[in-house]
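Biologist: Before I plan anything around this protein, I would like to go through its model with you, one point at a time. Could we begin once it is on the screen?

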Amino acid sequence: QQREDALNFQISGERDAWCKEREATQWAHSDALAKLQSECDEEIQKLKDDAAEIEANLRAQMVADKARSDQEGEEARSTWAKREEELRKRVLEKEKDIARNMQEAEEERQRAVDQAEEELKDLQRECDRKLDQMRAESAKATEGILRGTCR
């Protein structure tokens with residue numbers, strides 16, 4: 001009984017340590033994902049701010065060009081449209097990159113969780129096997145003691 005209690009205590013300790021390690025890993029992945037989300041949000045805001053600044057600058061430029069001449073104003077509007085389209089393309093590409101990076105991070109986190117769960121199952125099976133083995137040994141020892149006292 002003492003060996004079984006000691007083994008159960010050891011198994012419980014190993015399981016608790018593994019669970020704490022798994023929880024720490026999950027927190028690390030969660031923190032990494034939160035950091036990535038924060039970085040993505042900052043990058044999106046920066047791009048939006050840049051876009052607003054570029055748009056404001058281009059609008060000011062268009063007003064000045066209009067004052068100089070209708071021809072120059074038309075050229076400025078054409079330039080503004082091209083720049084705006086380029087900026088939209090860059091923003092869209094950046095958003096796609098961010099989404100892809102977030103997806104990859106989530107997939108990596110899920111792989112880590114799946115691996116940790118599989119390791120936990122393996123550890124549980126090993127613990128169950130050892131416990132069954134100890135129970136069998138204990139039963140044999142008890143049977144031997146009983147045979148010895150019953151004779």
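Modeller: A word on terms first: a contact means heavy atoms within 4.5 Å. Please also keep in mind that this is a predicted model.

Biologist: With that meaning of contact, which residues does Arg83 touch, not counting residues up to four places away in sequence?

Modeller: Arg83 has its place in helix α2, which covers residues 70-150. Leaving aside residues up to four places away in sequence, the residues that Arg83 touches are Leu58 and Gln61.

Biologist: Is Arg83 buried, partly exposed or exposed?

Modeller: Buried means under 20% relative accessible area and exposed means over 50%, with partly exposed in between. Arg83 has a relative accessible area of 40%, and therefore the class for Arg83 is partly exposed.

Biologist: How far apart in space are Arg83 and Glu4, C-alpha to C-alpha?

Modeller: In sequence, Arg83 and Glu4 are 79 residues apart. In space, taken from C-alpha to C-alpha, the separation of Arg83 and Glu4 is 75 Å.

Biologist: What radius of gyration does the protein have, set against a compact globule of 151 residues?

Modeller: The protein has two helices and zero strands, and its C-alpha trace spans about 120 × 15 × 10 Å along the principal axes. A compact globule of 151 residues would have a radius of gyration near 15 Å, whereas the value for the protein is 34 Å.

Biologist: Among contacts between residues at least 6 apart in sequence, what percentage join residues at least 24 apart?

Modeller: As for burial, 16% of the 151 residues count as buried. For contacts between residues at least 6 apart in sequence, the share that joins residues at least 24 apart is 79%.

Biologist: Turning to charged side chains, which residue forms a salt bridge with Lys46?

Modeller: The structure holds 15 salt bridges, and in the one at Lys46 the closest N and O atoms are 3.4 Å apart. Lys46 is partly exposed at a relative accessible area of 47%, and its partner, also partly exposed, has 27%. Both lie in helix α1 (residues 2-68), four residues apart, about one turn of the helix. The partner of Lys46 is Asp50.

Biologist: How far apart are the closest N and O atoms in the salt bridge of Asp97 with Arg100?

Modeller: Asp97 and Arg100 both lie in helix α2, three residues apart, which is about one turn of the helix. Asp97 is partly exposed, with a relative accessible area of 31%, and Arg100 counts as partly exposed at 45%. In the salt bridge between Asp97 and Arg100, the closest N and O atoms are apart by 2.7 Å.

Biologist: Which residue meets Arg129 in a salt bridge?

Modeller: The N to O distance in this salt bridge is 2.6 Å. Arg129 counts as partly exposed at 43% relative accessibility. The two partners are three residues apart in helix α2 and so are separated by about one helical turn. The side chain that meets Arg129 is that of Glu126.

Biologist: Which residues do salt bridges that share partners join into one network?

Modeller: In this network, salt bridges are linked through the partners they share. The residues joined in this way are Glu4, Asp132 and Arg135.

Biologist: How far apart are the mean positions of the positive and negative charges of the protein?

Modeller: The protein has 29 positive and 40 negative charges. The mean positions of these two sets of charges are separated by 3 Å.

How values were computed
Residues numbered from 1 in each chain as written. Predicted model: local features only at pLDDT ≥ 70, side-chain atom pairs only at ≥ 80, totals over all residues. Heavy atoms only, no water. Buried < 20%, exposed > 50% of the residue type's maximum accessible area, 1.4 Å probe, protein only. Salt bridge = Lys/Arg side-chain N within 4 Å of Asp/Glu carboxyl O. Rg over C-alpha atoms; globule rule 2.2 N^0.38 Å. Lys, Arg positive; Asp, Glu negative; His and termini not counted. Charge placed at Lys NZ, Arg CZ, Asp CG, Glu CD.
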